[in-house]
Amino acid sequence: MKSPGLLNHKIIQKIKPGVVSFVCICALILLFPVCIVNAQTIDSKHFRLEKLAEGVYAAIHINGGYAICNAGIINLGEKTLIFDPFITPEAALDLRTAAETLFDNPITFVVNSHFHNDHIRGSQVFVPGASIISTTTTQEYIVKHEPESIADEKEYAPKRLAQLKAELQAEKDSVKRIELVMWVGYFEALATSNSELKTAIPDITFEDKLILYGKERTAELIEFQKGHTESDLILFLPKEKIIFMGDLLFINNHPWLADGYPENLITTLNNIQQMDADTFIPGHGRVGSKDDIVTITDYIEMIKLKALNLVNEGKSAEDIDELKIPEDYGDWLLSNFYKMNLKFMYESLQEKD
Ligand SMILES: [Zn+2]
């Protein structure tokens, strides 16, 4: 690593003496500490920071890293809130460093949008110190499912990782390679973090709505039942018109519908679309707008219609394996979720009959 002194010396050597150069050098020296702070803030292989408003950042997963989901860092004023602290303690430690570098506050609140592993496992690096917040149902699901998930992953994650690494090595298609890099990162994250996991169970729970008041801004946590999972929450910043959506929204990624209630999810998405917001941070994918809520709603409707046609045509679940992903969604990641979603919808429609 280069020392700041050496770097400045090199810059000075390249610039010819003179008034203009002197001004430039002064500017560089003055700016240097700022550059260091910014570099430290965003220097993670797991995520990149995106500033959404003064005091509000999204941390977007980098393909191949151990974040997997997107997170948020919000300065409430004298206290910092973290939204969805990633799948590994390793990525969450980088998130904590970023939050502490950005804001001179204690990290007071960590929010888990729902019980899935990628949104909760990093909580442990914030305790003791922070309170972990979720809905009451999500807390129950974490308590019920995490011990078994961690035990199961200890067995299957290393095996699946070895398979995926071999697949990646053999794969020539550039789009398929991007997906394989993501899945290798996912299973590597599970395999390498397994022995250090200590579940941080949410110690503040709520139903329906919880409002957190800070000197800088107010954050509303709003529960939606029976959507992506049994219970999901969003984080709404009314002043900034920003919503952190958790996995109620995926952008340019196939959503995971099979733990949830797709039809009710459509209603939820329609309700969120009516809210006074214009920036939406999905659980997976880039930062988006209201158009992306429409797109994901259309996707769920498409899955529903295709499943209904399969039932009406007397097709079997095995027939789904022969289907191709519709062109509109051809470049979406998490492509293996497409057939799983269709099968899930097909089976739930058959149960209704
Ligand atoms: Zn999820």
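**Questions on a predicted protein model**

Me: In which strand is leucine 212 found?
Reply: This structure is a predicted model. Within the model, leucine 212 belongs to a strand that covers residues 209–213, and that strand is β8.

Me: Is leucine 212 buried or exposed?
Reply: A residue counts as buried when its relative accessible area is under 20%. Leucine 212 has a relative accessible area of 8%, so leucine 212 is buried.

Me: Which residues does leucine 212 touch, not counting residues up to four places away in sequence?
Reply: One residue to consider is leucine 81, which lies 131 residues away along the chain, with a C-alpha separation of 9.7 Å. Leucine 81 is among the residues touched by leucine 212. The full list is Leu76, Leu81, Phe109, Ile133, Arg217, Thr218, Ala219 and Leu221.

Me: How many helices and strands does the protein have?
Reply: The protein contains 353 residues, of which 50% are buried. Its secondary structure consists of nine helices and twelve strands.

Me: What share of the contacts with a separation of 6 or more joins residues 24 or more positions apart?
Reply: The contacts considered here are those in the protein with a separation of 6 or more. Among these, residues 24 or more positions apart account for 66%.

Me: What span does helix α8 reach from its first C-alpha to its last?
Reply: Helix α8 runs through residues 290–312 and has 23 residues. At 1.5 Å a residue, the expected span is 33 Å. The span in the model is close to that value, at 33 Å.

Me: Against which elements do the buried residues of α8 pack?
Reply: The buried residues of α8 include Ile293, Ile296, Tyr299, Ile300 and Leu310. Their partners are two helices and a strand: α7 (262–273), α9 (337–352) and β12 (279–281).

Me: Which element supplies the largest share of the largest nonpolar core?
Reply: In soluble globular proteins, nonpolar side chains tend to be buried together. The largest nonpolar core here has 76 residues, and Tyr299 is one of those that touch the most other members. Nine residues of this core, the largest share, come from α8.

Me: Is threonine 267 buried or partly exposed?
Reply: Threonine 267 is found in helix α7. Threonine 297 is 30 residues away in sequence, and the two C-alpha atoms are 9.0 Å apart. The term partly exposed covers relative accessible areas between 20% and 50%. Because its relative accessible area is 40%, threonine 267 is partly exposed.

Me: At which residue does the kink in helix α5 lie?
Reply: Helix α5 spans residues 136–170, and its buried residues include Ile142, Glu146 and Ile150. The kink is about 40 degrees and comes shortly before proline 147, at histidine 145.

Me: What kind of aromatic pair do tyrosine 186 and phenylalanine 187 form?
Reply: A search of the whole structure finds 13 aromatic pairs. In the pair of tyrosine 186 and phenylalanine 187, the centres are 5.0 Å apart and the planes make an angle of 85 degrees. An angle over 60 degrees counts as edge-to-face, so the pair of tyrosine 186 and phenylalanine 187 is edge-to-face.

Me: Which residues form one aromatic cluster?
Reply: Tyrosine 186 and phenylalanine 187 are both buried, and both belong to this cluster. The cluster consists of Tyr156, Trp183, Tyr186, Phe187, Trp256 and Phe337.

Notes. Residues numbered from 1 in each chain as written. Predicted model: local features only at pLDDT ≥ 70, side-chain atom pairs only at ≥ 80, totals over all residues. Heavy atoms only, no water. Helix = DSSP H or I, 4+ residues; strand = E, 2+ residues; numbered from the N terminus. Buried < 20%, exposed > 50% of the residue type's maximum accessible area, 1.4 Å probe, protein only. Contact = heavy atoms within 4.5 Å. Expected span 1.5 Å × (residues − 1). Core = buried A, V, L, I, M, F, W, Y, C linked by side-chain atoms within 4.5 Å. Bend = angle between axes of the 7 residues up to and from the residue. Phe/Tyr/Trp six-rings, centres within 6.5 Å; stacked < 30°, edge-to-face > 60°.
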